Amino acid sequence: PRNPAVIADNVGDNVGDIAGMGADLFESYVSAIVATFTVAVAAGVAFDSHLALLPFVIAATGIISSIIGTFFVRVGEQLKMEALLMALRRGVWVSSILVAGASYLAIHLMDVDGVIERFNADFIANPENVDKVSQFLGVSGLDIFLSIIVGLVAGVLIGLSIEYYTSYSYQPTKSIAEASQTGTGTLIIRGFATGMLSTAAPVVFVVIAVLVAYEFAGLYGVAITAVGMLSTLGITLATDAYGPVADNAGGIAEQAHLPADIREKTDALDSMGNTTAATGKGFAIGSAALTALGLTAAFGGRMEVLGHPLDMSLLDPRVICGILIGAVVVFLFSSLTMNAVGRAAMLVVNEVRRQWHEIEGIMTGEAKPDYARCVDITTRAALKEMILPSLMAIVVPVAVGMIPFLGPEALGGLLIGALSCGFLLAVTMANAGGAWDNAKKYIESGHLGGKGSQQHKAAVIGDTVGDPFKDTSGPSLNILIKLMATVSLLFAPIFAGMM
């Protein structure tokens, strides 16, 4: 209560991990639907076709399924990590099963098989398509259903892999805590190494999902896989939001001087909340990768419809240059967002020191700090510092697409470079940050010296480094790769007109 920044911290948890993550995942949801719709229309499907409308139906069934899934999240009096995680997993699994059943029913009732047969017959009968092959040739309603299932399974597996690397129930986070015995440096090194190691599993799952979905239903299958993964967004976002809710509950208990046993319970819930928040971020990153891939495919299809199919050969220097530009944009964007956190933190620290120095009675509890001032500083800093990164995400793809020596081919490479580099860096940052946070919680629970020990002090610094990793730069990369793909899709007619 004596810290002027404590309310800003509580507000920030809600803004960052609930409102911000909600906006990010909502964008992924909408972008995945738009990508699937656009891929279908670019293939020659009519706007009112059931193939174009299917992603909207899947999304609608997902909302209902997620609501039902929340009723299966139940836990008894035991506050063990495993029981708490299982309760949340149960809700996700039930929602996933319901989405799978609803998707099969929707594909059957919408007669997707009949729609595909009629479309393929019309496509072949059209003299303009004599040298073309229908994207839906050999595709059935069952293939599309299996693509949706692939997305659902991939989402669950990505969540489980990230839970393994960020929960202190497992060895990776415990090993980070153990590294605190030799100082802050080794703890940070171990945490960053764990974050990099954790990229393997999500990449494998996304690669398998893309390859399997493409084999089943081509680019349409890849796009609708992202819709399938995001269909359980309601319950997944709820598990992510659980983290900051439990964290703030602990803050309220401490500020209100509630009994120690209350704080112990909120600490247990908060520890699990760190894991669920990391899982939610991993799910967001995985879905963003699939969504960006779908949007990139839609961009290519849009250019083809406009009469300018992209030649994305790796022997074309423009494509290679685009890939490099996309990769460096990811690093520049991450640098800007992390520096933004550093500058804002310095402003807040200086304000806290000023209040402690100038307002008498804060440290003795006789006077209250000016909490609103810290909230105001962080809000203004956040708005100001996001101007340049936001402009970068919009200006760079437009500039690359319009520069004569680069053009749409380089822009296609840029989207691929940003997707591959952004996906890996986002997973690394999110998981390293979550693991550092839970390593601190592991020590605070009584291990390796507990609170106040040198190990705890090292873990606190690791957690401080991890905050901009997991709460700013990592999640922001999701938005970067989706936004650049969306902007490219919107400006496709202009790029085609300049060719």
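1. A crossing counts as right-handed if the near helix is turned clockwise from the far one by less than a right angle, and as left-handed if anticlockwise. By that rule, helix 11 and helix 14 make a right-handed crossing. Helix 11 covers residues 317–358, and its axis comes within 6 Å of the axis of helix 14. The two cross at roughly 40 degrees. Helix 11 and helix 14 are therefore oblique to each other. Note that the model is predicted.

2. Helix 9 and helix 10. Their axes come within 7 Å and cross at roughly 150 degrees. Angles over 145 degrees count as roughly antiparallel, so helix 9 is roughly antiparallel to helix 10. The crossing of helix 9 and helix 10 is left-handed. The contact of helix 9 with helix 10 is mixed in class: 10 nonpolar, 9 polar and 6 charged residues.

3. Helix 1 and helix 8. These pack with their axes 9 Å apart, at an angle of about 155 degrees. That angle makes helix 1 roughly antiparallel to helix 8. Helix 1 passes helix 8 in a left-handed crossing.

4. The second largest pocket. The space in this pocket is about 620 Å³. Its lining has 29 residues, and Leu219, Leu293, Thr296, Ala297 and Ile416 are the closest to the pocket's centre. Two or more lining residues come from each of helix 1 (6–42), helix 8 (200–230), helix 10 (260–305) and helix 14 (407–444). Helix 10 gives the largest share, 9 residues. By class, the lining of this pocket divides into 22 nonpolar, 6 polar and 1 charged. Two of the contributors, helix 1 and helix 8, are the roughly antiparallel pair of point 3.

5. Cavities. How many cavities of 30 Å³ or more are there? The count comes to 2. The largest cavity has a volume of about 290 Å³. It is lined by 20 residues, and the closest to its centre are Arg89, Val92, Gly159, Thr239 and Thr279.

6. Lining of the largest cavity. Helix 3 (81–109), helix 5 (141–166), helix 9 (233–255) and helix 10 each supply at least two residues. Helix 9 and helix 10, both on this list, also cross each other, as in point 2. Which classes make up this lining? The largest cavity has 8 nonpolar, 10 polar and 2 charged residues in its lining. Arg89 is among the residues closest to the centre of the largest cavity.

7. The second largest cavity. Its volume is about 30 Å³. The lining consists of Ala292, Leu415, Ala418, Leu419, Ile481 and Met484. Helix 14 and helix 15 (454–490) are the elements that give two or more residues to this lining. Helix 14 gives the most, with 3 residues. The class count for the second largest cavity is 6 nonpolar, with no polar and no charged residues.

8. Helix 14 across the points. Helix 14 gives two or more residues to the lining of the second largest pocket. Helix 14 also gives 3 residues to the lining of the second largest cavity. In addition, helix 14 crosses helix 11 at roughly 40 degrees. Helix 10 likewise recurs: it supplies 9 residues to the second largest pocket and at least two to the lining of the largest cavity.

9. Aromatic pairs. The count comes to 11. One to look at is Phe119 with Phe123. Their ring centres are 5.9 Å apart and their planes stand at 45 degrees, so the pair is tilted. For reference, planes under 30 degrees apart would count as stacked and those over 60 as edge-to-face. Phe119 and Phe123 are 4 residues apart in helix 4 (residues 112–125), so about one helical turn separates them.

Key: Residues numbered from 1 in each chain as written. Predicted model: local features only at pLDDT ≥ 70, side-chain atom pairs only at ≥ 80, totals over all residues. Heavy atoms only, no water. 1 Å grid on protein atoms, 1.4 Å probe; cavity = no way out; pocket = protein on both sides within 12 Å on 5 of 7 lines; lining within 4 Å. Points joined across faces, edges and corners; volume = space filled by probe spheres on them. Nonpolar A, V, L, I, M, F, W, Y, C, P; charged D, E, K, R; others polar. Axes fitted to C-alpha atoms, helices over the stretch in contact; angles between N-to-C directions. Parallel < 35°, antiparallel > 145°, perpendicular 65-115°, else oblique. Phe/Tyr/Trp six-rings, centres within 6.5 Å; stacked < 30°, edge-to-face > 60°.
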